[in-house]
Amino acid sequence: MVLGVLAVIWLYPVVWTLTNAIKSSADIYRAPWDLPWPPAIGNIGEAWSRGQLGVALANSGYVTAMTVAIVLALSIAGAYSLTWLRPPHRAVLFILVLAPLIIPTEVLIVPLFSMFRALGLINSLPGLALTNVVPNVSFATVILTGYFRTIPRDVIDAARVDGAGRMEVLLRMVIPLARPGILAVAVLVAVFTWNDFGGSLVLIQKPDAFTVQLALSRFSTFYATDQGLTFAGMAIVILPPLLLFLVLQRGFIQGLTAGVVRR
Amino acid sequence: MIGSRTPWAFVPRARREGAIDLLFVLPTLLILAVFLFYPLVYGVVLSVHDTKGFDLTNFVGLDHYARAIFGDAVFHRSLVNTVLFTGAAVVLQTGLGLLLAVLIADVKRGRTLFPIVFFAPFVLAPVAVGAVWKFLFAPYFGIVPAVGSALGFDTLTFAPLANADTALWAIMAAFLWRFAGFNMVVYLAAIRALPREYHESAVLEGASRFQQFRRITWPLLWPQTFTLVLLTTLGTLRIFDMVWIMTEGGPSHATDTVATDVYSTAFRFLQVGYAQAMAMILLFVILLLTVLEYRILDRRADSVRS
């Protein structure tokens with residue numbers, strides 16, 4: 001009963017955003033709580049064109065894909081080495097990999113901007129992707145070491161006895177066996193990167209390199225009079241992660257809790 | 001998180017082998033060297049220099065630090081706000097997360113639906129969440145003033161985000177809505193993994209539900225509480241995005257956090273070296289509070305274990 005009421009309160013802002021997205025601005029002001037009828041589907045198209053959301057979606061998609069690819073490559077190799085190989089000073093390496101969890105990007109944003117300006121990387125989407133890699137590779141490696149450790153030792157030893165080298169063990173055994181964990185990490189990194197605001201606010205300044213978050217942050221100031229448009233923009237930006245989560249919710253939550261709960 | 005049981009797959013080995021093993025971690029370390037450790041070192045350099053635009057001019061030693069710590073009322077305000085907000089987030093997020101998890105653990109119907117509902121805001125963009133809650137708090141238009149006036153309070157024209165006394169807590173509400181679900185799923189996973197026997201024998205001995213929670217559930221969930229308190233502290237001390245979207249630190253610095261203060265000082269007022277000194281102080285606070293919490297919570301964990 002209490003839970004039901006709380007659930008309604010929790011869902012309400014999301015439902016409200018999505019219904020207001022297909023309401024005309026006049027209707028939003030006249031009756032902000034009514035159902036959107038007749039639906040003003042035109043909002044979506046107009047938000048898309050006037051807010052330059054098409055370009056922003058492409059930019060964010062590009063940055064997200066690049067970040068996920070780099071993070072997966074780095075964290076799979078790193079977690080493999082930290083669990084099933086024997087690099088020297090393993091404990092020290094682990095602490096270095098965890099450093100971004102303690103040193104947030106917000107603390108380094110000024111020197112990062114300075115450095116990117118000197119390198120001509122302001123407005124560079126690959127540059128933005130690389131800054132996104134730093135915090136993500138850290139938690140991805142933590143979660144993946146958790147998953148890799150659950151692989152029975154016998155399985156790895158048997159492959160080793162049969163003469164498999166490091167790469168073979170990684171590609172033939174570890175990656176296929178940890179596939180759910182890898183998928184969960186990929187989805188989490190994608191959502192975090194898609195939603196990143198602080199980094200792109202500082203490192204991206206040209207409108208044609210805007211990410212969706214930057215485009216959206218412009219909506220409420222530029223189109224302040226047209227709320228229907230603002231809500232349509234918000235709906236377009238929140239839907240991809242929301243749908244991804246609803247489709248993969250089990251793996252998503254398990255992936256996230258795996259790194260936290262296993263102690 | 002670093003396990004003690006390490007599966008050594010490849011023995012015996014020579015030094016050269018260890019070097020090859022290192023190659024697998026090396027790419028990560030290289031990225032961190034360029035995009036984390038170098039900016040950190042350069043950040044220290046920036047913080048002890050005057051700057052023109054983003055270029056270094058005079059070495060000023062610790063002047064910026066002294067100015068921030070002893071002479072900058074705005075920085076004091078943002079530091080207090082940051083620590084206060086983080087403290088509130090730790091208590092409220094953990095408390096609400098635990099409450100939700102305990103309630104959900106008991107339901108018969110909706111065992112998978114409820115976690116999804118409460119976790120969903122976590123995946124939404126902070127820019128969108130901030131903007132939506134701005135609308136929810138808007139006078140006349142928003143639901144918060146509307147519900148308030150329906151309950152008989154004079155709130156229809158009240159604007160929580162424009163009022164210096166309430167703005168920070170209005171942001172807290174949005175923050176809590178977005179993050180409580182994360183704490184809930186962590187607790188819920190742990191509660192569902194608890195052995196049933198403890199509660200069954202407690203019921204046989206006539207323990208009330210509150211006693212069961214106090215004596216069994218809460219102590220057994222200590223590892224999760226420990227981790228969540230640390231994670232929430234680390235995640236909240238850096239808070240920038242939702243605050244920036246909702247208030248930009250206003251009205252009159254009432255919601256400024258160190259991160260928003262650093263951003264406006266560097267990128268609006270171009271006091272770059274000074275802004276970086278404030279950022280370094282924030283990093284110091286993060287390290288200090290993390291170590292402090294770790295030690296206090298760890299001692300508590302020992303007493304729970306014994």
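From the N terminus on, chain A runs α-α-α-α-α-α-α-α-α-α-α-α-α-α, which comes to 14 helices and zero strands. Helices here are DSSP runs of H or I with at least four residues, strands are runs of E with at least two, and both are numbered from the N terminus. Chain B has 14 helices too, but with two strands. The model is a predicted one, so to speak of local features takes a pLDDT of at least 70, side-chain atom pairs count only at pLDDT 80 or more, and totals for chains, interfaces and linings use all residues. Residues are numbered from 1 along each chain as its sequence is written, while chains are lettered from A and ligands numbered from 1 in the order in which they are written.

Now for the chains as wholes. Of the 263 residues in chain A, 49% are buried; for the 306 residues in chain B the figure is 40%. Buried means that 20 or more other C-beta atoms, placed from the backbone, lie within 10 Å of the residue's own. Along its principal axes, chain B fits its C-alpha atoms into a box of roughly 75 × 75 × 30 Å. Contacts, meaning pairs of residues whose C-beta atoms, placed from the backbone, lie within 7 Å, often link distant parts of the sequence. Counting those with a separation of 6 or more, residues 24 or more positions apart make up 77% in chain A and 68% in chain B.

Both chains come in two pieces, with bounds from an automatic or database domain assignment. In chain A these are domain 1 (1–38) and domain 2 (52–261), and their C-alpha centres lie 32 Å apart. Eight residues of domain 1 of chain A meet seven of domain 2 of chain A. On the domain 1 side, α1 (2–20) and α2 (25–30) of chain A each supply at least two residues, with α1(A) giving the most, three. That side holds three nonpolar, four polar and one charged residues. Here Ala, Val, Leu, Ile, Met, Phe, Trp, Tyr, Cys and Pro count as nonpolar, Asp, Glu, Lys and Arg as charged, and the others, Gly among them, as polar.

Chain B is split into domain 1 (15–59) and domain 2 (72–305), with 32 Å between their C-alpha centres. Nine residues of domain 1 of chain B touch seven of domain 2 of chain B. The elements giving two or more residues to the domain 1 side are α2 (26–47) and β1 (49–52) of chain B, and α2(B) has the largest share, four residues.

Where the two chains meet, 76 residues of chain A and 72 of chain B take part. The chain A side has 53 nonpolar, 15 polar and eight charged residues.

As for the interior, the largest nonpolar core has 152 residues, and A:M234, B:A128 and B:M278 have the most contacts inside it. Such a core is a set of buried Ala, Val, Leu, Ile, Met, Phe, Trp, Tyr and Cys residues joined through C-beta atoms within 7 Å. Helix α8 (residues 167–192) of chain B gives the most to this core, 17 residues. Neighbours within four places in sequence aside, B:M278 is in contact with B:A68, B:F75, B:V258, B:D261, B:V262 and B:T265.

Key: A residue is buried if 20 or more other C-beta atoms lie within 10 Å of its own, exposed if 12 or fewer, and partly exposed in between; C-beta atoms are placed from the backbone.
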